[in-house]
Structure formats: structure tokens, C-alpha cells
Amino acid sequence: DDKTADQGATQSLFIPLVLLVGGGIAFGSIFSANRIAFEAGIPFISYSFWQTLIAGLGLLIVSVGLRALPPTTRAHLRVYGLTAAIGLSVPLLALTFVAGKLPPGVISLTLTLTPSFTYLFALALRSDRWRLTSVAGIVFGLAGVLVVIVPRESLGTGFAAGWQLLAMTAPLGYALNNVLITFIRPAATTAMQLSTGVLLTAALIFLPVMLIVDGPVMVTEFSGAAIWATIWAAAADVALLMCFFEIIRRAGPIFFAQLNYITVAASVIWAFLIF
């Protein structure tokens, strides 16, 4: 019976594990896409708007075909708004803004702090319990990132270290959203419905900001490299959100947060292959 229970537990984590690896590899590529878009000259806010709009419209078309449009109840709109703001827009702006300031692999290093921050937020909201080994992991994880951030020779200048600290707002946003979504997610809503609503909401958030800061920028005004990088980033956003909602539903926020370790490793490999 214990053996049967172990087999059941293994099987229950099989799909989350596959999604964890696949989502991490897919999202790890976005750092290279960001670098290509930056070098092509597209403003980072406009780039953020167009990638979320393309991703949201793409999922919306699929949703119409499957007759599974995202619900618009108050509870669903709250999820869309919270995730779009905290779990997507803030991290996306931070990571995109520093794309031209730091190497892709160095930027992605900050994401290794997401599991630690997720655990701290889970403790604060009493959705997880205190464990000495987890606290030790947080300390060592933070120390590892500081090894890269603090020495000037590792990044070039102290100013570059400041960009790295700015990039750390991304794991903070991801971690807070990881925990909060477990409290407010409406039942009987698919990952695709939630992802569609979040991406379209994020595009609505970015639109007025883009118009104020950059003006009415069309992605087609830029080179083919910029257009493809935007589509590429949109696909990575879709992969991340779909995995986010499905993994948390099946295995919880702490398990999902480990996707960031895979993302970091994948981002280094993507950057090595592309650059």
C-alpha cells in the first residue's frame, strides 16, 4: 500500500514536472529575444506592449475556436489584474529594461531567487510552514547571487550592479504572485482561459504607458529581427503563463517556483547558441 501511494505521488507529479522543464526551457529563451529586440532599437515599453498583445490575441483566437473564452466575473477580473500587474508587467518591464545593460545569462541569474522569495511570502501568508533547510536555502541562494552582484569586476562597474538590483524586482513580483494566486484563483477555470485574460489585461496596462512615453509605436516600423523577437517573446509569455496556472493547480506555488532554476540554465544555453 505504501508502494502504491508512492507510485500515485510520482504519477501525480509527472505532468507538473514535464511542464516545469518545458516551461523553463521556453521561457529561458526570452532573455535572448529581449537582447535582439533591444539591439534592433524597439523601445522597451512598446516591446512589452506588443508581445503581450500578440500573445493575448493569439490565445483569444484559440479560445474562440474552442468556445472557451475567458470569464469576466469580478473574481476572474481580479485574477487577471493582479497577475498582469504583479506577475507579468512589473517583471517584464524590469527584465526588458535591463536587457541592453547586462548579459542575458547574468540577468536570468536573479530568477534563482524566486523560489526563496516564494517560500518567504508563503510563510508570511501562512500557506507554508517554517523549515530550517528552506531558510538555509534562502541564505545560500542570496549569497550566490551577491557573489555576482557585489564584485565590480564581475559585471564591469558598480552601476551595472545597480541594473542587476533593478532586475531583482522580477523575482519579487513572480514570487508574490505565485503565492497570492492560490488564494484568489476561481475554480473550474482552465489555464488557457486565465492566461488569455492575463495577457490581454497586461496589454491594456501597457497601452497608455506606451502612448505617453513612446507614442503610437507600431512593431512593423522596425526590422524583421525586432518583429520576430517580439513574436518569440510572446510565445515565451504564453508558455510561462500556461505552465504557471497548470502547475500551481496541480502541485502548488513552491513546486512551480523551481521553474526558475531551469529557466536560468536554459537562458545561458540559449544565449550561448545565439550569441
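Which side chains meet in a salt bridge at 2.7 Å, N to O? The side chains of Glu246 and Arg250 do so, and this contact is taken up again in the legend on helix H12 below. Every view described here is drawn from a predicted model.

**View 1. The whole protein chain is built from helices, with no strands.**
The secondary structure of the protein chain amounts to 14 helices and zero strands, so that the pattern read along the sequence is α-α-α-α-α-α-α-α-α-α-α-α-α-α. Of the 275 residues in the protein chain, 48% are buried. Among contacts in the protein chain with a separation of 6 or more, 86% are made by residues 24 or more positions apart. The protein chain has an accessible surface of about 12,900 Å², and carbon and sulfur atoms account for 72% of that surface.

**View 2. Glu246 joins Arg249 and Arg250 in a salt-bridge network within helix H12.**
Glu246 and Arg250 both belong to helix H12, where they stand four residues apart, about one turn of the helix, and their side chains meet in a salt bridge of 2.7 Å, N to O. Salt bridges that share partners link Glu246, Arg249 and Arg250 into one network. The other contact made by Glu246 in this view is with Arg249, a salt bridge of 2.5 Å from N to O, and these two residues, three residues apart, both lie in helix H12 (residues 224–251), again about one turn of the helix. Glu246 counts as buried because its relative accessibility is 16%, under the 20% cut-off, whereas Arg250 is partly exposed, with a relative accessible area of 39%. Side chains of opposite charge can pair when their charged atoms come close.

**View 3. A salt bridge between Glu39 and Arg35 lies within helix H2.**
In the salt bridge that Glu39 forms with Arg35, the closest N and O atoms are 3.2 Å apart. The two residues are separated by about one helical turn, because they are four residues apart in helix H2 (residues 30–40). Glu39 has a relative accessibility of 53% and therefore counts as exposed, while Arg35, at 22% relative accessibility, counts as partly exposed. Over the structure, the count of salt bridges comes to three.

**View 4. Phe27 and Tyr174 form an edge-to-face aromatic pair.**
A search of the whole structure finds seven aromatic pairs. One of them, between Phe27 and Tyr174, is edge-to-face, with 6.4 Å from centre to centre and 85 degrees between the planes. This pair links distant parts of the chain, since Phe27 lies in helix H1 (residues 2–28) and Tyr174 lies in helix H10, 147 residues apart. Both Phe27 and Tyr174 are buried, and ring pairs bring Phe27, Phe31 and Tyr174 together in a cluster.

**View 5. Helix H10 contributes Tyr174 and several other buried residues.**
The buried residues of H10 are Ala170, Pro171, Gly173, Tyr174, Ala175, Asn177, Asn178, Val179, Ile181 and Ile184. Helix H10 (residues 169–184) has 16 residues, which at 1.5 Å a residue should span 22 Å, and the end C-alpha atoms of the helix are indeed 22 Å apart, so the two values agree.

**View 6. Helix H11 is followed by a glycine with a positive phi.**
Helix H11 (residues 191–213) contains 23 residues and reaches 32 Å from its first C-alpha to its last, which is close to the 33 Å expected at 1.5 Å a residue. Just after H11, Gly215 takes a positive phi of about 90 degrees.

**View 7. A nonpolar patch on the surface draws on helices H1 and H14.**
The patch is formed by Leu17, Val21, Ile25, Ile269, Trp270, Phe272, Leu273, Ile274 and Phe275, which together have about 890 Å² of accessible area. The elements giving two or more residues to the nonpolar patch are H1 and helix H14 (259–274), and H14 gives the most, with five residues. Ile25, one of the patch residues, is found in helix H1 and counts as partly exposed because its relative accessibility is 41%.

Note on methods: Residues are numbered from 1 along each chain as its sequence is written. This is a predicted model: local features need pLDDT of at least 70, side-chain atom pairs count only at pLDDT 80 or more; totals for chains, interfaces and linings use all residues. Side-chain values use heavy atoms; hydrogens and water are left out. The expected span of a helix is 1.5 Å times one less than its number of residues. Buried means under 20% relative accessible area, exposed over 50%, partly exposed in between (1.4 Å probe, protein chains only). A salt bridge is a side-chain nitrogen of Lys or Arg within 4 Å of a carboxyl oxygen of Asp or Glu. Rings of Phe, Tyr and Trp (its six-membered ring) pair if their centres lie within 6.5 Å; planes under 30 degrees apart count as stacked, over 60 as edge-to-face and the rest as tilted. Patches are made of residues with over 30% relative accessible area and no salt bridge: like charges are joined within 9 Å, nonpolar side chains (Val, Leu, Ile, Met, Phe, Trp, Tyr) within 5 Å. Accessible areas come from the Shrake-Rupley method with a 1.4 Å probe; for residues, only the protein chains shown count as cover. Contact means heavy atoms within 4.5 Å.
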